[in-house]
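Me: I am new to reading protein models and would like a close look at one single part. Could you walk me through it slowly?

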Amino acid sequence: MSVVILGGNECMERRYKDLCQSYNCRAKVFTKPSGGLKNKLGNPDLMIFFTSTMSHKMLHGAMSEVKNSDTIIEHCHSSSLSALRGILEKHASN
């Protein structure tokens with residue numbers, strides 16, 4: 001399963017990827033807005049928005065990219081590892 005995480009804390013980026021890997025998921029993490037985001041997202045199975053730590057512009061840009069695809073979208077206000085673990089347990093089988 002491929003996962004894209006938008007938002008979150010920059011210092012937690014490696015931990016987000018490691019946790020996703022433990023659930024047999026490939027993860028891309030974008031903690032801050034960068035140019036050309038639409039070319040980097042691809043077609044993930046699951047997209048997670050950590051809404052408390054991301055800009056509205058980044059949120060709207062990503063939503064417009066995946067609105068006509070089969071991507072599962074999860075919004076989470078907290079950007080903690082336990083919040084990510086809960087989302088992965090819900091959508092990714094171990």
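Which residues in helix α3 (residues 56–66) are buried?

Reply: Happy to help! A word on the model comes before the helix. This is a predicted model, in which local features need pLDDT of at least 70, side-chain atom pairs count only at pLDDT 80 or more, and totals for chains, interfaces and linings use all residues. Residues are numbered from 1 along each chain as its sequence is written, and side-chain values use heavy atoms, with hydrogens and water left out.

Now to your question. The buried residues of α3 are Met 58, Leu 59, Ala 62 and Val 66. Buried means under 20% relative accessible area, exposed means over 50%, and partly exposed lies in between, using a 1.4 Å probe and protein chains only. Helices (H or I, at least four residues) and strands (E, at least two) are DSSP runs, numbered from the N terminus. The four buried residues span an arc of only 100 degrees around the axis, which puts them on the same side of α3; the arc is taken from the directions that lead from the helix axis to the C-beta atoms. On the face turned away from that buried side, you will find the exposed residues His 56, Lys 57 and His 60.

What lies over the buried side? The cover includes β1 (2–7), β2 (26–30), α2 (37–41), β3 (46–50) and β4 (72–76). Contact here means heavy atoms within 4.5 Å.

Let us visit two of these neighbours, beginning with α2. Leu 37 sits in helix α2 and is buried, with a relative accessible area of 13%. Not counting residues up to four places away in sequence, Leu 37 touches Leu 6, Phe 30 and Met 58. Met 58 is one of the buried residues of α3, so this contact is a good place to look from one helix to the other.Next comes β1, where 6 of the 6 residues are buried, so this strand is largely enclosed by the rest of the structure. β1 runs parallel to β2, joined by 5 bridges, and two strands pair if DSSP finds at least two bridges between them. Val 4 has Lys 28 in β2 as its bridge partner. Between β1 and β2 the chain passes through helix α1 (residues 13–22), making a right-handed β-α-β crossover. Right-handed means that, with the strands pointing away from the viewer, the path from the first strand over the helix to the second runs clockwise. β1 also pairs with β3 in the parallel sense, over 5 bridges, and Ile 5 stands opposite Ile 48 in β3.

Finally, look at the nonpolar cores, which are sets of buried Ala, Val, Leu, Ile, Met, Phe, Trp, Tyr and Cys residues joined through side-chain atoms within 4.5 Å. The largest has 18 residues, and those with the most contacts inside it are Val 3, Ile 5, Ile 48, Leu 84 and Leu 88. β1, α1, β3 and α4 (81–91) each supply at least two residues of this core. A second, separate core of 12 residues includes Val 4, Leu 37, Phe 49 and Met 54.
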